[in-house]
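User: I'd like a close look at one part of this protein: the aromatic rings and the nonpolar packing around them. Could you walk me through that in one go?

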Amino acid sequence: METIKRLSDGWTVKNETHGEYAAYVPGDITNDLYLCGKIPDPLFGVNFKELGFILNSEWEYTCVFSISESELSASRLELRFEGVDTFSEIFLNGERVGATDNMYLRYDFDVKRFAQSGDNVLSVKMQSPYKVYDSRKNEKYMSIFHPNRIYYRKPSCHFMWDWAPDFPGYGIYKPVYLVSGDYCNISDAEITCDVLGNATFITRLDDGFKNKPKDYSLCLRVSKHPNCDLKEYYELETEVCGQFVLQNVAVENAELWWPNGYGDANLYGYSIELKRGGKTVSSKSGKFGFRTVTIKEEPLDSESLSFVLNVNGTDIFCKGSNWVPASNMTGTITDSVYERLIKAANEANYNLLRVWGGGIYESEKFYDLCDELGIMVWQDFMFACSDLPDDDSQFRKTVYKEAEQQLIRLRNRPCIAVWCGGNERRKFLDCKGPQYGEYIWEVLLRGLHAKLTRNSAY
């Protein structure tokens with residue numbers, strides 16, 4: 001059985017010159033110093049201009065946590081970082097376990113050989129974003145506002161935009177977990193639906209199932225009615241014969257998920273349990289909606305096509321806005337902030353928000369609210385107003401991993417209507433010269449989207 005323990009207490013952050021302070025994880029180093037009374041409010045006026053010493057310095061997060069004998073004896077023991085902003089080295093009990101350099105990736109580090117029973121010291125040594133950015137000069141690729149930013153997977157708007165200050169986020173902005181157990185768990189599930197109430201679940205199990213272990217089954221439950229969790233449900237149990245398990249469920253009189261203003265955003269609940277000998281060893285649950293999305297493109301004249309979002313066979317008049325991060329200090333954005341903003345959008349009769357490509361892939365809370373309130377999401381990949389160095393093999397690899405993680409994370413959400421390669425490519429900015437990035441936009445991202453999801457357009 002997999003055990004996931006959140007490491008949220010007892011964090012500090014320190015710098016040799018500026019001292020040591022209590023820290024929040026998730027959070028942001030600048031905000032931690034403000035909460036400790038060491039700096040003025042960084043979001044008031046132009047105070048951020050006086051705080052460059054923070055962003056030009058290296059800081060170290062530390063926490064002490066306990067590992068039990070049962071956790072230590074498990075075949076799998078990992079540290080999971082859901083999100084670090086951005087450049088860091090990670091140490092457990094003084095031993096280096098890995099590094100981060102992409103804000104949009106989740107990192108899982110095998111720490112079994114470094115861990116010990118009882119207290120363990122976890123350190124995350126953060127590297128100055130300014131120093132990293134200035135370490136590699138861009139003299140080849142077009143990039144608006146900050147020429148060196150295109151090499152690094154961090155929000156473009158953190159280093160100034162036409163609406164944003166030069167004030168990068170800096171810190172551990174998502175939760176950290178200790179994961180223990182074996183290698184026979186549910187990895188993820190893809191759900192594909194239609195408007196007739198047919199739902200196909202393809203559940204992917206961990207690599208341990210490539211060897212086809214015996215005595216495992218997968219139990220799927222799907223609610224019979226929307227918006228009532230799993231009080232009444234369909235149940236299907238299937239023998240596990242490999243790493244992928246396909247299960248089909250037909251829901252009678254299924255009620256569709258509609259955008260705001262066109263009907264109710266009906267959501268159905270599901271749970272998946274991996275069992276061995278009748279005992280549950282891993283589980284996954286969530287919500288989904290019955291709906292289809294297509295883009296209708298029809299000739300308008302000899303040179304142009306229409307562009308219409310069609311949901312469940314109905315053309316949608318899209319009403320909404322651009323969505324940029326609610327704060328440059330990403331780790332400080334609370335659920336209550338998302339609730340206030342998304343509910344305001346709903347009350348203003350929005351039915352679409354475009355998650356802009358110079359920001360972040362948003363939090364689970366953001367997408368939960370959009371699912372519940374019928375607000376479609378036009379989801380950019382995180383690229384904005386620049387070439388992409390697609391002739392750099394390492395850059396292609398990190399983009400591949402990032403896109404794969406985000407597509408899998410978001411593919412079952414009914415709110416996700418469209419994925420887009422990014423914001424304002426060179427040719428749309430009327431910039432001259434050779435364009436770099438076509439391989440990533442037209443081959444890598446388009447191909448991954450086609451491979452990993454059937455519930456949205458690209």
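Analyst: Here's a tour of the rings, then the cores they sit among, with a short stop at one strand residue at the end.

Keep in mind that this is a predicted model. For the setting, the protein chain has eight helices and 26 strands. Its C-alpha trace spans about 65 × 65 × 45 Å along the principal axes. A compact globule of 458 residues would have a radius of gyration near 23 Å, and the chain's own value is 23 Å, so the two agree. Buried residues account for 53% of the 458. Take the contacts between residues at least 6 apart in sequence: 69% of them join residues at least 24 apart.

Now the rings. The count comes to 30 aromatic pairs. One of them is Y107 with F109, a stacked pair with 5.9 Å centre to centre and 10° between the planes. Y107 has a relative accessible area of 12%, so it counts as buried, the cut-off being 20%. F109 comes out at 10%, which makes it buried too. Then there's F288 with F290: the centres are 5.3 Å apart and the planes sit at 70°, so this pair is edge-to-face. Both partners are buried, with F288 at 1% relative accessibility and F290 at 0%.

Some rings join up into a bigger group. Ring pairs link F87, Y130, Y133, Y141, Y151, Y152, F159 and Y436 into a cluster. Lysines get involved with rings elsewhere: the charged end of K125 sits over the ring of F91, 4.6 Å from its centre. K224 does likewise with Y234, lying over the face of that ring at 5.4 Å from the ring centre.

On to the packing. In soluble globular proteins, nonpolar side chains tend to be buried together. Here the largest nonpolar core has 49 residues, and W11, I29, Y61, F65, F81 and L122 have the most contacts inside it. Strand β4, residues 59-67, gives the most to this core, with five residues. F81 is a handy place to stand and look around. Setting aside neighbours within four places in sequence, F81 is in contact with I90, L105, R106, Y107, F109, L122, V124, P175 and V176. That list brings us back to the stacked pair, since Y107 and F109 are both on it and their planes are 10° apart. L122, another of the best-connected core residues, is a contact of F81 as well.

Apart from that core lies another, of 47 residues, with L267, Y361, C370 and L407 among them.

For contrast with all that burial, try L236, which is found in strand β16 (residues 233-239). At 31% relative accessibility, L236 counts as partly exposed. Beyond its neighbours within four places in sequence, L236 is in contact with L218, C219, L220, Q247 and N248. R340 is well away from there: L236 and R340 are 39 Å apart in space, C-alpha to C-alpha, with their positions 104 residues apart in sequence.

One last number, for the outside: the chain exposes about 20500 Å², and carbon and sulfur atoms supply 48% of that area.

Technical notes: Residues numbered from 1 in each chain as written. Predicted model: local features only at pLDDT ≥ 70, side-chain atom pairs only at ≥ 80, totals over all residues. Heavy atoms only, no water. Phe/Tyr/Trp six-rings, centres within 6.5 Å; stacked < 30°, edge-to-face > 60°. Buried < 20%, exposed > 50% of the residue type's maximum accessible area, 1.4 Å probe, protein only. Lys NZ or Arg CZ within 6 Å of the ring centre and 35° of its normal. Helix = DSSP H or I, 4+ residues; strand = E, 2+ residues; numbered from the N terminus. Rg over C-alpha atoms; globule rule 2.2 N^0.38 Å. Contact = heavy atoms within 4.5 Å. Areas by Shrake-Rupley, 256 points an atom, 1.4 Å probe, with all protein chains shown as cover. Core = buried A, V, L, I, M, F, W, Y, C linked by side-chain atoms within 4.5 Å.
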